[in-house]
Every structure is written in C-alpha cells, then in structure tokens.
Amino acid sequence: MTLSRRNLLATTAAVAAGTTTAAAVSTGTAHAAPAGHGGRRLRTGFERLADGGYAPLDGQKVGIVTNPTGITRDVRHIVDVMHADDRVNLTAVFGPEHGFRGTAQAGGSEGRYDDPATGLPVYDTYLKNGQPLADVFTASGVDTVVFDIQDVGARFYTYIWTLFDCMEAASLAGKRFVVLDRPNPVTGRAALGPVLHEEFATFVGRQPIAQAHGMTVAELALLFNGEFLESPVPLETVTMTGWKRSEFYDASELPWVPPSPNMPTPECALVYSGTCLFEGTNLSEGRGTTRPFELLGAEGIDGGWAAAANGAGLPGVRFREAYFAPTFSKFAGRTVGGVQLHVHDRAAFDPVRTGIALLVTARRTWEGFAWRPDNWIDRLTGSTQVRTMIDAGADTDEVVDGWERELAAFRRIRRQYLLYK
C-alpha cells in the first residue's frame with residue numbers, strides 16, 4: 001500500500017483555506033438551533049452557508065449533489081429551501097446511488113428526470129466518473145458544484161466516492177466545488193481497520209483510506225484534493241460549528257434521515273463499518289429486516305455462534321442468539337439463525353474488530369460458512385489479507401495486527417486534514 005503525499009505547505013494551506021471559507025460564510029444571523037451538550041449549538045455547513053447569504057455562491061449557477069439527508073434542522077430539504085431563495089441561483093440537482101429522493105435500493109438510482117417539487121433537472125451520477133461525469137456537469141450548465149450528503153463513516157459507503165468522483169469530474173469540467181459539512185455520526189475519534197490496497201479499488205473504495213475513516217466529508221474532501229486527485233479541484237469547505245470529534249450523532253440534536261434504505265438508524269451506522277463485511281459471505285447481513293447490519297445469520301446456525309462471540313470478550317457489545325426471516329436479499333422468506341448485536345458502551349465499542357471477530361467465530365462454529373465466490377470480501381477489506389488469514393486459522397488479534405503498520409501510516413496522513421478537535 002502506498003500513499004502519495006504532497007508537500008506539507010500545500011496541505012496546510014488547503015486546510016486553512018477550508019477553515020477561512022467557513023468563517024466567512026458564518027456571518028449573518030444564526031438560525032434558532034437548540035443548545036446541544038454543554039450549551040453548544042451545532043450548526044451544519046448548510047446552516048452556515050445560508051446564514052451568510054450564500055456568499056461563496058454569489059453570481060454562480062449552482063448545482064448540488066445531495067439526497068434525502070440534505071435537510072435543515074426543521075426537516076425541509078435544502079433543495080427546496082435554496083430554490084425558493086433569491087440569494088442563490090440553483091439550476092440543477094445531481095443524484096447519487098439510491099437517487100436524489102432516495103427511492104432506489106442498493107445498486108440502483110433514479111435516472112434523469114425533472115423534480116416535480118421544484119422543476120429542476122435532476123441528473124444521475126451513479127456509476128459515472130471521469131470524463132463521462134464531467135460531461136454531465138458541462139451539460140448542466142452549472143458554474144459551481146455543491147456537495148451535501150450525510151455520510152456514515154465507512155470506506156465502503158459509496159457517498160464518499162461520489163464525492164471523490166464529483167471532485168475529479170468538476171476539475172475536468174473546470175467547475176468550482178463547495179462541500180457543506182455534516183457530523184460523522186459514529187464520531188471522528190480515530191481511523192480503524194485495514195487500509196485499501198490500490199489494486200482493489202472499486203466504487204466501495206477508490207483510494208487507500210481506512211475501513212472506518214473517522215473523518216467528516218469536508219475533511220475527506222481536503223484529503224482527496226491534497227493526496228489523490230491528479231488535478232486538484234478549486235475547493236471550498238463550509239465547516240460546522242459546535243461539533244466535537246468525540247460526539248455521536250444524538251449529541252448533534254439533528255433529525256436522522258436514513259442515508260440509504262438499509263441505514264435506518266444511527267445505531268445501524270455504529271455497527272456498519274464492521275458488520276457490512278458479511279456482504280462478502282454467504283450469511284445474511286440483515287437486509288430485508290428492520291435491523292440491517294445488526295442481525296446476521298444463515299440457515300443451520302444455532303446458539304453456538306452467539307456463545308462464541310460473547311466468549312471473545314469484545315468491549316462494549318453483547319450478542320443475542322437470534323432467528324429472523326428476511327423479506328428480500330439473502331434467504332428471502334426463509335427463517336435463519338444467527339446473532340443480534342447489542343452495543344451497550346458506544347465509547348468502548350470497536351466496530352471493525354467486532355466485525356472481524358464475528359467472521360472468525362462464524363467460520364469456526366458453522367461448517368456451512370463460505371466467502372462469496374467473487375471474493376467480494378477482498379473489495380470490502382481492501383486486500384486479500386483478512387480472507388486469507390481467517391482461512392489459515394488466524395484469531396482476531398492476529399488479523400487486526402496484520403494491518404496496524406498501514407493504518408498507522410494512514411493516520412499520519414489523515415491528521416493533516418482534520419478540521420475539528
């Protein structure tokens with residue numbers, strides 16, 4: 001694994017530019033937002049942009065990459081708010097996976113259409129990158145592309161790669177790029193897990209970052225621009241105020257909108273960076289239930305798996321023997337056995353270590369365990385290492401130790417782009 005690092009002066013300037021932009025946008029009258037923990041008020045990037053009269057967008061034809069999570073504190077969609085505001089010239093919307101209005105399941109999008117609520121043209125970005133996506137931006141006629149989507153903190157959640165692809169395409173098309181920040185719902189305390197090897201790059205991981213990156217989208221945008229884009233885009237970031245890296249989503253007092261159909265709650269996001277690894281196995285990852293990524297199982301699994309998982313002594317989480325019947329996806333309409341995760345101490349919980357421990361114990365306790373035939377697990381973990389080590393009989397500690405050197409290198413790079421304490 002290699003990380004190309006541009007010189008520190010350029011990096012520092014990029015971070016400073018992002019902070020300065022946010023400070024400039026923050027002028028004006030603040031929205032009435034409830035006081036958060038300790039009397040602080042978290043204000044999102046969009047709130048600060050609007051309070052500043054959309055100053056960075058003045059005189060620009062604006063297009064926005066967003067989805068149902070792009071809402072205000074009083075649950076109005078920001079596209080509706082901006083469209084009705086004469087201070088900003090919003091002329092196009094760009095939809096990611098699942099679509100602008102969020103009607104498509106995993107691996108789908110809504111295509112090209114005119115939004116019934118605003119009449120704005122909606123362009124599809126899903127599975128487009130490079131020059132084809134640049135052509136979409138050119139055809140839309142916008143001058144500036146804005147990004148505002150709620151992320152969940154995992155490398156294989158595709159919205160951050162929509163961010164990357166759109167930044168690259170905006171650079172190719174000669175467009176400005178503005179990122180409006182939102183909280184990382186599972187905190188920004190630390191990067192966890194294996195780092196992607198570049199030969200395993202896909203839309204669930206374009207660049208070598210950690211499986212749980214511990215960054216906000218504005219921080220990731222600075223990282224992408226400073227480390228991975230061959231031609232950096234003219235980038236501005238509008239940061240939050242009142243957010244601390246140690247805080248979980250409920251501290252923000254913002255409403256939760258599912259970023260995708262199978263991410264119904266912040267609790268789901270908390271476990272996702274570990275349990276999504278079961279997409280790379282023949283077990284159900286809980287899609288088709290009311291607790292996706294919290295319920296895991298397959299036909300033929302009994303209480304032995306829950307017992308083994310509890311015996312692993314993982315911090316902050318307990319496992320319940322569970323039986324469920326998914327309504328779609330793997331084992332649709334059939335009853336399966338497995339486990340449900342119950343996180344009782346979020347601060348102690350390590351989702352990636354937990355995901356690895358569950359893979360190790362599932363393989364040891366259920367003789368039917370198998371990886372997906374296409375070795376999708378390698379795309380999710382970023383290399384062959386996790387799969388081959390588990391197949392060779394490695395325990396959880398050995399697997400985790402196997403990525404520590406690469407993770408430490410990523411953490412050093414990441415540190416230069418952090419905007420919050």
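The paragraphs below go through the nonpolar cores, one buried acidic residue, the cysteines and one helix residue of this predicted model.

In soluble globular proteins, nonpolar side chains tend to be buried together. Here the largest nonpolar core has 108 residues, and the members that touch the most others are Leu 163 and Phe 177. The greatest contribution to this core comes from helix 5, spanning residues 159-173, which supplies 10 residues. A separate second core holds 21 residues, among them Phe 46, Leu 57, Val 79 and Val 178.

The surroundings of Phe 177 can be listed in order along the chain. Apart from neighbours within four places in sequence, Phe 177 is in contact with Val 145 and Phe 147, then with Leu 163, Cys 166, Met 167 and Ala 170, and further along with Val 233, Pro 234, Leu 235 and Glu 236. Of these contacts, Cys 166 is itself buried, at 0% relative accessibility.

Asp 151 is found in the loop that links strand 5 (144-148) to helix 5. What is the nearest side chain of opposite charge to this buried residue? It is Arg 245, 10 Å away, and Asp 151 has no salt bridge. A salt bridge needs a side-chain nitrogen of Lys or Arg within 4 Å of a carboxyl oxygen of Asp or Glu, so Arg 245 at 10 Å does not qualify. The Asp 151 side chain does reach a backbone nitrogen, that of Gly 153, at 3.1 Å. With neighbours within four places in sequence left aside, the contacts of Asp 151 are Tyr 157, Ile 160, Pro 183, Pro 185, His 213 and Val 217.

The cysteines come next. A disulfide is a covalent bond between the sulfur atoms of two cysteines. How many disulfides does a search of the whole structure find? The search finds zero. Cys 268 serves as an example: its closest cysteine sulfur belongs to Cys 276 and is 9.5 Å away, which is too far for a bond. Cys 268 is also buried, because its relative accessible area is 0%.

The last stop is Ala 362, a residue of helix 9 (residues 351-365). Is Ala 362 buried or exposed? With a relative accessible area of 0%, Ala 362 counts as buried. Not counting residues up to four places away in sequence, Ala 362 touches Phe 278, Trp 305 and Phe 369. For a sense of scale, Ala 362 and Ile 78 are 284 residues apart along the chain, and 44 Å separates their C-alpha atoms.

Technical notes
Residues are numbered from 1 along each chain as its sequence is written. This is a predicted model: local features need pLDDT of at least 70, side-chain atom pairs count only at pLDDT 80 or more; totals for chains, interfaces and linings use all residues. Side-chain values use heavy atoms; hydrogens and water are left out. A nonpolar core is a set of buried Ala, Val, Leu, Ile, Met, Phe, Trp, Tyr and Cys residues joined through side-chain atoms within 4.5 Å. Buried means under 20% relative accessible area, exposed over 50%, partly exposed in between (1.4 Å probe, protein chains only). Helices (H or I, at least four residues) and strands (E, at least two) are DSSP runs, numbered from the N terminus. Contact means heavy atoms within 4.5 Å. Lys and Arg count as positive and Asp and Glu as negative; His and the chain ends are not counted. A polar contact is a pair of N or O atoms within 3.5 Å; within protein, one must be able to donate a hydrogen and the other to accept it, and residues adjacent in sequence count only if both atoms are side-chain atoms. A disulfide is a pair of cysteine sulfur atoms within 2.5 Å.
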